[in-house]
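Please read the following account with the sequence and the model side by side. It moves from a helix to the sheet and then to a few individual residues.

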Amino acid sequence: MDPDAVAKAFVDHYYSTFDANRAGLGNLYQEGSMLTFEGQKIQGSQSIVAKLASLPFQQCKHNITTVDCQPSGAGGVLVFVSGTLQLAGEQHALKFSQMFHLMPTPQGSFYVLNDIFRLNYA
């Protein structure tokens, strides 16, 4: 396994899916998965997708600036992403950081065990 290749493929898939169809992210999470979104902890695939689907905008576009990754224990991969989030109709993009802990599945793919998202207000 090449952590860089896993991270790049995951990031491309995650943000293109998020921007086009947030509900489609459900299969990336499992019941033990946890999302911390701006300090709010949400556990389980259905609850995470419900949170993402309830965000107060319909359309957005992520522009990724950096993707850093490291292998983690048990075949996992830590992925740290920074970039901007452009909301439809808004003039200024929002800076964000997001960390994913990807874990392997028996089928040979990965799921998101941990997901931490923060807007950067600096």
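Against which elements do the buried residues of α1 pack? In this predicted model, they pack against β1 (29-37), α2 (45-53), β3 (60-71), β4 (77-87), β5 (94-104) and β6 (110-120). The residues of α1 that count as buried are Pro 3, Val 6, Ala 7, Phe 10, Val 11, Tyr 14, Tyr 15, Thr 17, Phe 18 and Asp 19, a list that includes aromatic side chains such as Phe 10 and Tyr 14.

The helix itself can be checked for its length: with 18 residues at 1.5 Å a residue, α1 should span 26 Å, and the 26 Å between its end C-alpha atoms agrees with that expectation. At the N-terminal end, α1 is capped by Asp 2, one of whose side-chain oxygens lies 3.1 Å from the backbone nitrogen of Asp 4.

Along the same helix there is a salt bridge between Lys 8 and Asp 12, whose closest N and O atoms are 2.8 Å apart, and the count of salt bridges comes to 1. The two residues are separated by about one helical turn because they stand 4 residues apart in α1 (residues 3-20). As for their surroundings, Lys 8 is exposed, with a relative accessible area of 54%, whereas Asp 12, at 42% relative accessibility, counts as partly exposed.

We turn now to the sheet. It is an open sheet of 6 strands in the order β2-β1-β6-β5-β4-β3, and its pairing is mixed. At the edges are β2 (40-43) and β3, each of which pairs on one side only, and from one strand to the next the twist averages 15°. Strands of a sheet pair through backbone hydrogen bonds, in either a parallel or an antiparallel sense. For β4 and β5 the sense is antiparallel, and the pairing extends over 9 bridges; Thr 84, for instance, has Lys 95 in β5 as its bridge partner.

How do the helices lie on this sheet, and which strands do they touch? Helix α1 packs on the sheet in touch with β1, β3, β4, β5 and β6, and its direction makes about 155° with that of β3. Helix α2 also packs on the sheet, where it touches β1 and β2, and its direction makes about 40° with that of β1.

Individual residues of the strands show how these elements meet. His 101, which lies in β5, counts as buried at 15% relative accessibility; beyond its neighbours within four places in sequence, His 101 is in contact with Ser 72, Val 77, Leu 78, Tyr 111, Val 112, Leu 113 and Asn 114. Met 99 also lies in β5, and, with the neighbours within four places again set aside, its contacts are Leu 78, Val 79, Phe 80, Asn 114, Asp 115 and Ile 116. From Met 99 to Lys 51, 48 residues away along the chain, the C-alpha separation is 17 Å.

Met 34, in strand β1, counts as partly exposed at 27% relative accessibility. Not counting residues up to four places away in sequence, Met 34 touches Lys 41, Ile 42, Gln 43, Ile 48, Leu 113, Asn 114 and Asp 115. Although Met 34 and Val 112 are 78 residues apart in sequence, their C-alpha atoms are 8.2 Å apart in space.

Definitions and conventions:
Residues numbered from 1 in each chain as written. Predicted model: local features only at pLDDT ≥ 70, side-chain atom pairs only at ≥ 80, totals over all residues. Heavy atoms only, no water. Salt bridge = Lys/Arg side-chain N within 4 Å of Asp/Glu carboxyl O. Buried < 20%, exposed > 50% of the residue type's maximum accessible area, 1.4 Å probe, protein only. Expected span 1.5 Å × (residues − 1). Contact = heavy atoms within 4.5 Å. Polar contact = N/O pair within 3.5 Å; in protein donor to acceptor, adjacent residues only side chain to side chain. Pairing = 2+ DSSP bridges. Axes fitted to C-alpha atoms, helices over the stretch in contact; angles between N-to-C directions.
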